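Student: I would like to take a close look at a single part of this protein and understand how it sits within the whole. Could you guide me through it in one connected account?

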Amino acid sequence: MYLEIVSPEATLFAGEVVSVTVPGINGEFQMLTDHAPIVSLLQQGHVKVDGNISINEAYQDKFTKDATGKTVLSITSGTVEMKDNKVIVLAD
């Protein structure tokens, strides 16, 4: 599936991924290929991305790796939309 992570400053990441886990306001949830369409508010937490991804050098300092090898971005709030195997995370 295709993921875009957009902040007020720039598009932090855009590319193919295996899964995305986000901190929804009712709890953390994961999206995989062919997930049902969804729109959700996000709370403070971590967006976790699984897959062999490449982060633009200008934004690498915003991302870390967790113990399982997933790429992690800390956010304070945001929204997520998934439709037709495209996920867009608008993150603050």
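Tutor: The account below begins with the whole chain, turns to one strand and its partners, and then follows the salt bridges and a neighbouring loop. Please keep in mind that this is a predicted model.

The protein chain contains 0 helices and 10 strands, and along the sequence its pattern reads β-β-β-β-β-β-β-β-β-β. Its C-alpha atoms fill a box of roughly 30 × 25 × 25 Å along the principal axes. For 92 residues, a compact globule would have a radius of gyration near 12 Å, and the chain agrees with this because its own value is 12 Å. Of the 92 residues, 40% are buried. Contacts across the sequence deserve attention as well: among those between residues at least 6 apart, 55% join residues at least 24 apart. The chain exposes about 5,200 Å², and carbon and sulfur atoms supply 49% of that area.

Let us now examine strand S9. This strand spans residues 78–83 and has two faces: Gly78, Val80 and Met82 form the covered one, whereas Thr79, Glu81 and Lys83 form the uncovered one. On one side, S9 pairs with strand S5 (residues 38–42) in the antiparallel sense, over 5 bridges. Within this pairing, Met82 in S9 has Ile38 opposite. S9 is also joined to S10 by 6 bridges, and these two strands likewise run antiparallel. Here Met82 stands opposite Val87 in S10. Met82, a residue of the covered face, thus offers a useful point of reference for both pairings. The hairpin of S9 and S10 has 2 residues between the strands, and Asp84 takes a positive phi near 55° there.

Strand S10 leads us to the salt bridges, of which the whole structure holds 2. In one of them, the side chains of Glu4 and Lys86 meet at 3.2 Å, N to O. This pair links distant parts of the chain, since Glu4 lies in strand S1 (residues 2–6) and Lys86 in strand S10 (residues 86–91), 82 residues apart. Glu4 counts as buried because its relative accessibility is 19%, under the 20% cut-off. Lys86, at 35%, counts as partly exposed.

Another salt bridge is formed by Lys48 and Glu28, whose closest N and O atoms are 3.3 Å apart. Here too distant parts of the chain are linked: Lys48 belongs to strand S6 (residues 45–50) and Glu28 to strand S4 (residues 27–32), 20 residues apart. Lys48 has 23% relative accessibility and therefore counts as partly exposed, while Glu28, at 51%, counts as exposed.

Lys48 also brings us to the loop between strand S7 (63–65) and strand S8 (71–75), where Lys70 is found. Beyond its neighbours within four places in sequence, Lys70 is in contact with several residues, including Lys48, Val49 and Asp50. The C-alpha atoms of Lys70 and Val49 are separated by 5.5 Å, although the two residues are 21 apart along the chain.

Thr71 lies in strand S8. At 4% relative accessibility, Thr71 counts as buried. The side chain of Thr71 makes a polar contact of 3.2 Å with the side chain of Lys65. Apart from neighbours within four places in sequence, the contacts of Thr71 include Val47, Lys48, Ile53, Ile55 and Phe63.

Methods. Residues are numbered from 1 along each chain as its sequence is written. This is a predicted model: local features need pLDDT of at least 70, side-chain atom pairs count only at pLDDT 80 or more; totals for chains, interfaces and linings use all residues. Side-chain values use heavy atoms; hydrogens and water are left out. Helices (H or I, at least four residues) and strands (E, at least two) are DSSP runs, numbered from the N terminus. Contact means heavy atoms within 4.5 Å. Buried means under 20% relative accessible area, exposed over 50%, partly exposed in between (1.4 Å probe, protein chains only). A polar contact is a pair of N or O atoms within 3.5 Å; within protein, one must be able to donate a hydrogen and the other to accept it, and residues adjacent in sequence count only if both atoms are side-chain atoms. A salt bridge is a side-chain nitrogen of Lys or Arg within 4 Å of a carboxyl oxygen of Asp or Glu. Two strands pair if DSSP finds at least two bridges between them. The radius of gyration is taken over C-alpha atoms; the globule rule is 2.2 Å times the number of residues to the power 0.38. Accessible areas come from the Shrake-Rupley method with a 1.4 Å probe; for residues, only the protein chains shown count as cover.
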